[in-house]
Each structure stands twice: as structure tokens, then as C-alpha cells.
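Biologist: I should like a close look at a single part of this structure, namely its aromatic side chains and the nonpolar core around them. Please set out how the rings are arranged and how that arrangement fits into the chain as a whole.

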Amino acid sequence: MYTREEIVAVFNKDALKNGLKKYVDIMEYLHSTDVSRNIEFQKMYNHFYRMRQRKPEFYQTYYDYMERMKCSASTLTFEEVFFYIQKETNRCEASFSSKLLATLNPDKPVWDMFVLENLGVKKIQSSAKNREQKIVEAYQQICQWYNDFLGCEEASLILQIFYEMFPNVKITDTKKVDFFLWQHRAENNSLEK
């Protein structure tokens, strides 16, 4: 269980504060522009999520799909995004698929190496048998962890402190926990339910 001081220390990190501002900007911009054509939005998103060194065709496919799926955000699933991106780009993009989904539906968690590390979820190796199915199962495990965690006392304390420190930031509870996990990088730590 984290202490108040530990949680405050995580939320006081400059990287978290800067990331939070960038995330809010992305989310405000998302529904006011055509993300498939808006280069400024794409640069903000790519920088925030560190999506780089992809071919132009990848970016076009990714942002075209994001724009098209805006109207289906509440019913869109990780599997749909993941398999679409894989089929269209021939790339296995678990992390960026989750980020597209979580951008359109902020109640969904992101697949991020720091989140995986904090949750004790093992990264799926590129040589793994049934890799795609294991990725889908790992994302389901992440979602289940969030569902369980958001109902516990530890999450309540994290959310309370977030609100105290950032009262004007209106993001989902899932995103608040995402930000906490993203910046909580203690060695050998795993949040357990």
C-alpha cells in the first residue's frame, strides 16, 4: 500500500505534470479536428506517445482509422484495433493499438512498459507461439486489473490525491491511475490486488 507521501511524490514529478498537460491538450484537440489530416495533432500525439520511426503509410493508416472510429469509440475493442492495425500495416502494435483505443475511449487503459511492469504483466515476446492471442489476453488482464483496482482503497487514495493536486484537470479515473503507474518506476514494484 502506498503512503500519501509516496503518491504525492509521484504526482509532483515534472514529467507527470508535463505529460498531463500534453494529454489534456490532445484530448481537447481530438474532437475538434480531423486527426487523419491534422499534422499538428499527429505531431502532438506522436511526441506524447513516442510513436516514431514508422513509415508514412503506417501513420496514415493509424490516423485514418482513429478518425473513422471516433463515432464508435464506446463500442470499439482492443481486439478490433489491434487486428486492424496488424492487417493494414503488417505490424504487431499492442501498445499503439491500446493508445488509439484509450484516446478514443479514455476509460480504457494503455499498454505501456511501465504499466506492465507495475502490474507484473509479462511482455509478450515476438517469438511467442500464438503471440497475437497472448497479446489480447494480456490486455484483458490489464483491463481486469483496472476494474478490480479502481474499487479498492489504494485507488481511492490515489484518486483523492490526484483531485487535491489537480482539481481543474478533468480526466477519467483510469487515466489518473495510468499517469500514476507511468511515473511510478520503483525497482521490483508490483501493485497486487
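Modeller: Rings of Phe, Tyr and Trp (its six-membered ring) are taken to pair if their centres lie within 6.5 Å; planes under 30 degrees apart count as stacked, over 60 as edge-to-face and the rest as tilted. By this rule the count comes to 25 aromatic pairs in what is a predicted model. One of them joins Tyr-45 and Tyr-62, whose ring centres are 5.8 Å apart and whose planes meet at 50 degrees, so the pair is tilted. This pair links distant parts of the chain, since Tyr-45 belongs to helix H3 (residues 39-49) and Tyr-62 to helix H4 (residues 56-69), 17 residues apart. Both Tyr-45 and Tyr-62 are buried.

Trp-145 and Tyr-146 form another aromatic pair, this one edge-to-face, with 5.2 Å from centre to centre and 85 degrees between the planes. Trp-145 has a relative accessible area of 9% and is therefore buried; Tyr-146, at 2% relative accessibility, counts as buried too.

Ring pairs also build a wider cluster, which consists of Tyr-23, Tyr-29, Phe-41, Tyr-45, Phe-48, Tyr-49, Phe-58, Tyr-59, Tyr-62, Tyr-63, Phe-179 and Trp-182. Phe-58, a member of this cluster, has charged neighbours. Arg-54 lies over the face of the Phe-58 ring, 5.6 Å from the ring centre, and the charged end of Arg-91 sits over the ring of Phe-58 at 5.9 Å from its centre. Two other members of the cluster, Phe-179 and Trp-182, are among the buried residues of H10. Helix H10 (residues 173-183) is mostly covered, with ten of its eleven residues buried. The buried set in H10 includes the charged residues Lys-175, Lys-176 and Asp-178, as well as Val-177 and Leu-181.

The nonpolar core comes next. In soluble globular proteins, nonpolar side chains tend to be buried together. The largest nonpolar core here has 67 residues, and those that touch the most other members are Phe-11, Tyr-45, Tyr-62, Tyr-63, Met-66, Leu-100 and Trp-111. Helix H8 (residues 131-149) supplies the largest share of this core, nine residues. Met-66 shows how the core draws on separate stretches of sequence: neighbours within four places aside, Met-66 is in contact with Leu-30, Val-35, Phe-41, Tyr-45, Leu-100, Thr-103 and Leu-104.

The cysteines may be treated briefly. A disulfide is a covalent bond between the sulfur atoms of two cysteines. The count of disulfides is zero. Cys-143 is in no disulfide, the nearest cysteine sulfur being that of Cys-152, 16 Å away; that distance is too far for a bond. Cys-143 is buried, with a relative accessible area of 18%, and Cys-152 is buried at 16%.

As for the chain as a whole, it has ten helices and zero strands. Its radius of gyration is 17 Å, close to the 16 Å that the globule rule gives for 193 residues, so the chain is as compact as a globular protein of that length. The C-alpha atoms fill a box of roughly 45 × 40 × 30 Å along the principal axes. Of the 193 residues, 51% count as buried. Among contacts between residues at least 6 apart in sequence, 68% join residues at least 24 apart.

Definitions and conventions: Residues numbered from 1 in each chain as written. Predicted model: local features only at pLDDT ≥ 70, side-chain atom pairs only at ≥ 80, totals over all residues. Heavy atoms only, no water. Disulfide = S-S within 2.5 Å. Buried < 20%, exposed > 50% of the residue type's maximum accessible area, 1.4 Å probe, protein only. Core = buried A, V, L, I, M, F, W, Y, C linked by side-chain atoms within 4.5 Å. Helix = DSSP H or I, 4+ residues; strand = E, 2+ residues; numbered from the N terminus. Contact = heavy atoms within 4.5 Å. Lys NZ or Arg CZ within 6 Å of the ring centre and 35° of its normal. Rg over C-alpha atoms; globule rule 2.2 N^0.38 Å.
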